[in-house]
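Open the model in your viewer and keep the selection panel at hand. The tour goes from the ligand to a sheet and ends at a pocket.

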Amino acid sequence: MKYDIKDIKLADKGRLRIEWAEQNMPVLRLIRERFRKQKPLKGLRVACCLHVTTETANLMETLKAGGAEVRLCASNPLSTQDDVAASLVKHTKIGVYAVRAENNKTYYKHINAVLENKPQITIDDGADLVSALHKSKTGATDGIWAGLEETTTGVIRLRAMAKEGVLKFPMIAINDSETKHFFDNRYGTGQSTIDGILRATNHLIAGSRVVICGYGWCGRGVATRARGMGADVIVCEVEPVKALEAVMDGFRVMPLMQAAKLGDVFITLTGDIHVLRKEHFLKMKDGALVANSGHFNVEIDIEALEKMSTKKRAMRHEVEEYTLKGGKRIHLLGQGRLINLAAAEGHPAMVMDMSFANQALGVEYVMKNRGKLGLGVYPMPEKIDKEIARLKLKSLGVKIDTLTPEQKEYLAAWQMGT
Ligand SMILES: NC(=O)c1ccc[n+]([C@@H]2O[C@H](COP(=O)([O-])OP(=O)(O)OC[C@H]3O[C@@H](n4cnc5c(N)ncnc54)[C@H](O)[C@@H]3O)[C@@H](O)[C@H]2O)c1
């Protein structure tokens, strides 16, 4: 078995952390047990490009239990947990190609190594595998049945490919499952982004002015958590409905040029490019903290910050201090990469349980329906989405009501009024 990881000696430490996450992934555990007995993925080759975390390790073990042959590379150069990569190689016998802080060249070399195995199904977090397959000129997409996509940015890229008519195999947008984005993007990113900022800086959130750029699923989550910890939260948006929602949720909403003067902490969660840029850095207070939790490291214009600076120092792990002309300091966290994975451990297992239940059942769904899916980007079937929610509630010991026959009839009818 081939692999490329930092150090196999880290495996036993990784194993304990993977088991720790497993304890909070009851839905995925149930799926794994069934997969182990039924082997629905027997003989399947799956290529995965995901953050190499303890939760991802549990997904890898589930796919393997189902009979799949799996290879894994990182979906971000800075999100790999080297002990987890080592344990997956040593204990689960999975070919992992990921080293924390690998450079861009190695990142893409690892993507190609995973694709060398001629996968039938791809799993992406950001669409890098799909993009690499489509850029290759050697018929690399020929044997692929379908791909699955984990995050908002990946789904946006895939829809752009579908619109241009270049997408060569069907894609399942796992992100669009309600049991994914309602929970992972909102509660997962909400908590782990703050966790990353705290671990990097030990900053006091209470009394801080926190500027949130983007009030989508992730932005809402972070804004709510920051307020809960006592921050004065300002929201910046470009969509009028989202901005209005933020106003009605009780946040101050204003243009970023105005917020730039006020903020102590800035967090981008937009999936957009150069949201924080030169004109904003010029307005910021001395000592401002700047972080990104959107998928790619393009939301903060780091190149502009570099050009404007006369001095740069690594102040702490994942904190870089840039001194601008005139002496003002701006602190960039986690090199502008997803701060929850660069400086913390990513989302808690409790929430990834649902995201990865979607991935595991998504792979099984593609296996069962191969050849029947047309080109395009599809959501997971609603039935599976609801089943994941039902299992999660059950694992939490929460029971809910059911519709009476009369209510079912009423809700399906139009005749009855007041
Ligand atoms: N950190 C993580 O672990 C994690 C988890 C899930 C998703 N993500 C990523 O976070 C990003 C946001 O995801 P989401 O699900 O919240 O998406 P979303 O589409 O729900 O929200 C994005 C919001 O940003 C706004 N926006 C776009 N450009 C803007 C700009 N220039 N200024 C201000 N607002 C702007 C949009 O109007 C939208 O409301 C994506 O890149 C996604 O892939 C990260």
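A residue counts as near the ligand if one of its heavy atoms lies within 4 Å of it. Helices here are DSSP runs of H or I with at least four residues, numbered from the N terminus. Keep in mind that this is a predicted model.

**Stop 1: the ligand shell**

Select the ligand and the 26 residues around it. Which of them come nearest? T151, T152, T153, E237 and N340 do. Now colour the shell by class: 14 residues are polar, seven are nonpolar and five are charged.

Next, show the helices. α7 (152-164), α8 and α9 (217-228) each give the shell at least two residues. Which one supplies the largest share? It is α8, with three residues.

**Stop 2: contacts to the ligand**

Zoom in on the oxygen atoms of the ligand. Pick T151: an N or O atom of its side chain is 2.6 Å from a ligand oxygen. Move to T152, where the side chain places an N or O atom 2.7 Å from an oxygen of the ligand. Then pick W217. Here the contact comes from the backbone, with an N or O atom 3.1 Å from a ligand oxygen.

Switch on a surface for the ligand. Alone, the ligand exposes 860 Å², and the protein buries 88% of that.

**Stop 3: the open sheet**

Hide the ligand and select the strands. Eight of them form an open sheet with mixed pairing. Follow the order β9-β8-β7-β10-β11-β14-β13-β12. Which strands stand at the edges? They are β9 (252-253) and β12 (309-316). Each has a single partner strand, so one side of each lacks a neighbour in the sheet.

Now isolate β7 (residues 209-213) and β10 (residues 265-268). The two run parallel and are joined by four bridges. To see one bridge pair, select V211 and its partner in β10, F266.

**Stop 4: the second largest pocket**

Finally, display the second largest pocket, which holds about 370 Å³ of space. Its lining has 19 residues. Nearest its centre lie D385, K386, E387, A389 and R390. Select α8 (178-201) and α16 (382-395), the elements that give two or more residues to this lining. α16 gives the most, with nine residues.

Colour by class once again. The lining of this pocket has ten charged, seven nonpolar and two polar residues.

Definitions and conventions. Residues are numbered from 1 along each chain as its sequence is written. This is a predicted model: local features need pLDDT of at least 70, side-chain atom pairs count only at pLDDT 80 or more; totals for chains, interfaces and linings use all residues. Side-chain values use heavy atoms; hydrogens and water are left out. On a 1 Å grid over the protein atoms alone, a cavity is a set of points where a 1.4 Å probe fits but cannot get out, and a pocket is an open set with protein on both sides within 12 Å along at least five of seven lines; lining residues have an atom within 4 Å of a point. Grid points are joined across faces, edges and corners, and a volume is the space filled by probe spheres set on the points. Ala, Val, Leu, Ile, Met, Phe, Trp, Tyr, Cys and Pro count as nonpolar, Asp, Glu, Lys and Arg as charged, and the others, Gly among them, as polar. A polar contact is a pair of N or O atoms within 3.5 Å; within protein, one must be able to donate a hydrogen and the other to accept it, and residues adjacent in sequence count only if both atoms are side-chain atoms. Accessible areas come from the Shrake-Rupley method with a 1.4 Å probe; for residues, only the protein chains shown count as cover. Two strands pair if DSSP finds at least two bridges between them.
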